Amino acid sequence: MNPPIKRRLLFGERMLLGDGTEPFNVVIAFRLRGSFTLKEIQQALARIQNKHPWLRALISYDEKNIPWFNVPEKPASIPVRIITRQSEDQWQEESRKEWNTNFNYEKLPLIRFIWIKGENVSDMLFAFHHCLCDGGSAMAFSHEFLKVLENPAAEIGVEKPILGIEDVVPASILNSRRQKLKARFIGRLAATAIKCIPVGRKAVERQNDYLIHWKLDETVSKQLIDYCKSQKVTVNTFLSAAVLQAFKKVRGEKSFNKVSCPVDIRRFARQIKEDHIFAFGLMIVVSSDEKLSFEDNLRVMQKSVEQKTSKLNPYITMMVMESGHDALNNFTRLLKNGKSSNDCMFSNLGRIKIPHQYKAFSVDTIFSPTVIGPLGNTTTMVTSTYRGEMDFSFMGSEGYLPYTDALAVRDEVIQTIHSQLKQMAVS
């Protein structure tokens, strides 16, 4: 039996949780070849739950109505839902279903498992609340799940969980009078500004949510990586530029020339390990110069990305946010009801380092995570690379970006990739 563990949700986690009535769910799907029993799957899920306390956690509220992660002495298992596999794209349908299914987090964990069971091919999905963790954490526990699914006795260690801001921000910064005053001042300033920003009476009608999925084959994926190396830009910058150009072409005057890109906090805060269950992220906004050619833009954007990234400070950002819990409702209202100001969120998880071949099964593919939530514009593109193939998940809602426009954006992004590679081949 494990000792009870609890901690108060951080500002960012509370924002993602909301009031608990609207789901903000992430889904990771992967395709396995091999045969499995329910017992094997449940044992593997129990092992990862045993390693990570927050995968056992429920949420409870204190007398001030503040939510806490609470790991009970006798935790509930990760629920498993099994359905018969009938088509290749069934995982997309089930992902959409999972986006819109709330977690009963006062009684069950903030994670569940869906097994789309076929004869020799299964699609498996982890669905979890975004306040629990990000895509990076989820890739880590997915890797562990596969490891113990192959070998129930495999060593995966035990996570020493993050129990509060003091486990992330070094004491020298957290206890510095100057830094505390700075964080408090920025926090108050931001809270006041948020109160003054006019917002609509009600949020945009989201209407139908959709998921568009595609892959680049191994050859094109490699050519794209080589092209980016030759231009001295990251794949992330190239794809951000392609996305911005696509929105401009498809949406014209309705486009914003802004893409928000999450930056993995683990790059800056070494206290947060690869396998920590943690949801807090950093963000930069990328734009392009419409007067420049695509290639020239790439270099300018790369420089801008590097400058913005170098200025990110996870410690002060967290301290500022933790000083602003009383402004949470105003901030959430602004996100929900404020006018959209960016075209989409674009996230690149990079190369997924999960093995392909196991003894009793193989991992055919890992699909890029999908996510949708209630905090404003839902348009999100996520990419990742597995077994040399770049995989894209493009989510949105009709109320923000019509499905036909989203398909046109996808086509433009693919077209840009191919036309740039063709130019490189010619030159």
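Buried means under 20% relative accessible area, exposed means over 50%, and partly exposed is anything in between. Keep those cut-offs handy for the exercises below, and remember that this is a predicted model.

**Exercise 1. Two asparagines with positive phi**

Take asparagine 65 and asparagine 257: where does each one lie, and is each buried or exposed?

*Solution.*
Step 1: Start with the backbone. Asparagine 65 has a positive phi of about 65°, although it isn't a glycine. Asparagine 257 also has a positive phi, near 60°.
Step 2: Find them on the chain. Asparagine 65 sits in the loop between strand S3 (58–61) and strand S4 (67–71). Asparagine 257 belongs to the loop between helix H8 (235–251) and strand S9 (259–263).
Step 3: Apply the cut-offs. Asparagine 65 has a relative accessible area of 54%, so it is exposed. Asparagine 257 comes in at 18%, so it counts as buried.

**Exercise 2. Sequence distance and space distance**

Work out how far apart in space phenylalanine 361 and arginine 33 are, then do the job again for isoleucine 66 and aspartate 364.

*Solution.*
Step 1: Phenylalanine 361 and arginine 33 are 328 residues apart in sequence, yet their C-alpha atoms are 5.5 Å apart.
Step 2: Look at the surroundings of phenylalanine 361. This residue is in the loop between strand S11 (344–351) and strand S12 (362–366), and at 4% relative accessible area it is buried.
Step 3: Now the second pair. Isoleucine 66 and aspartate 364 are 298 residues apart along the chain, and 43 Å separates their C-alpha atoms.
Step 4: Isoleucine 66 is in the loop between S3 and S4. With a relative accessible area of 12%, isoleucine 66 is buried.

**Exercise 3. Helix H3 and its salt bridges**

Explain why helix H3 can be called largely enclosed, and find which residues share a salt-bridge network with Glu94.

*Solution.*
Step 1: Helix H3 covers residues 90–99, and seven of its ten residues are buried, so the rest of the structure largely encloses it.
Step 2: Name the buried ones: Gln90, Trp91, Gln92, Glu94, Ser95, Glu98 and Trp99.
Step 3: Pick out glutamate 94. Lysine 97 forms a salt bridge with it, with the closest N and O atoms 3.4 Å apart. The two are three residues apart in H3, so about one helical turn separates them.
Step 4: Compare their cover. Lysine 97 is partly exposed at 42% relative accessibility, whereas glutamate 94 is buried at 3%.
Step 5: Follow the shared partners. Salt bridges join Arg81, Glu94, Lys97, Glu98 and Arg112 into one network.

**Exercise 4. Two more salt bridges**

How many salt bridges does the whole structure hold, and which parts of the chain does the pair lysine 336 and glutamate 22 link?

*Solution.*
Step 1: A search of the whole structure turns up 25 salt bridges.
Step 2: Try one of them, between glutamate 13 and arginine 7, at 2.8 Å from N to O. Glutamate 13 is buried at 3% relative accessibility, and arginine 7 is buried at 3% as well.
Step 3: Next, lysine 336 and glutamate 22 meet in a salt bridge at 2.5 Å, N to O. This pair links distant parts of the chain, 314 residues apart: lysine 336 is in helix H11, while glutamate 22 is in the loop between H1 and strand S2 (25–33).
Step 4: Check the cover. Lysine 336 is partly exposed at 22% relative accessible area, and glutamate 22 is partly exposed at 33%.

**Exercise 5. The second largest pocket**

Which elements give two or more residues to the lining of the second largest pocket, and what kinds of residue make up that lining?

*Solution.*
Step 1: Get the volume, which is about 400 Å³ for the second largest pocket.
Step 2: Of its 19 lining residues, Gly18, Asp19, Leu328, Asn329 and Thr332 are the closest to the centre.
Step 3: The elements are helix H1 (11–17) and helix H11 (328–337). H11 gives the most, with five residues.
Step 4: Sort the lining by type: eight nonpolar, five polar and six charged.

**Exercise 6. A patch on the surface**

Which residues form a nonpolar patch on the surface?

*Solution.*
Step 1: The patch is formed by Phe185, Ile186 and Leu189, with about 300 Å² of accessible area together.
Step 2: Zoom in on phenylalanine 185, which is placed in helix H6 (residues 177–196). At 54% relative accessible area, phenylalanine 185 is exposed.

Technical notes
Residues are numbered from 1 along each chain as its sequence is written. This is a predicted model: local features need pLDDT of at least 70, side-chain atom pairs count only at pLDDT 80 or more; totals for chains, interfaces and linings use all residues. Side-chain values use heavy atoms; hydrogens and water are left out. On a 1 Å grid over the protein atoms alone, a cavity is a set of points where a 1.4 Å probe fits but cannot get out, and a pocket is an open set with protein on both sides within 12 Å along at least five of seven lines; lining residues have an atom within 4 Å of a point. Grid points are joined across faces, edges and corners, and a volume is the space filled by probe spheres set on the points. Ala, Val, Leu, Ile, Met, Phe, Trp, Tyr, Cys and Pro count as nonpolar, Asp, Glu, Lys and Arg as charged, and the others, Gly among them, as polar. Patches are made of residues with over 30% relative accessible area and no salt bridge: like charges are joined within 9 Å, nonpolar side chains (Val, Leu, Ile, Met, Phe, Trp, Tyr) within 5 Å. Accessible areas come from the Shrake-Rupley method with a 1.4 Å probe; for residues, only the protein chains shown count as cover. A salt bridge is a side-chain nitrogen of Lys or Arg within 4 Å of a carboxyl oxygen of Asp or Glu. Buried means under 20% relative accessible area, exposed over 50%, partly exposed in between (1.4 Å probe, protein chains only).
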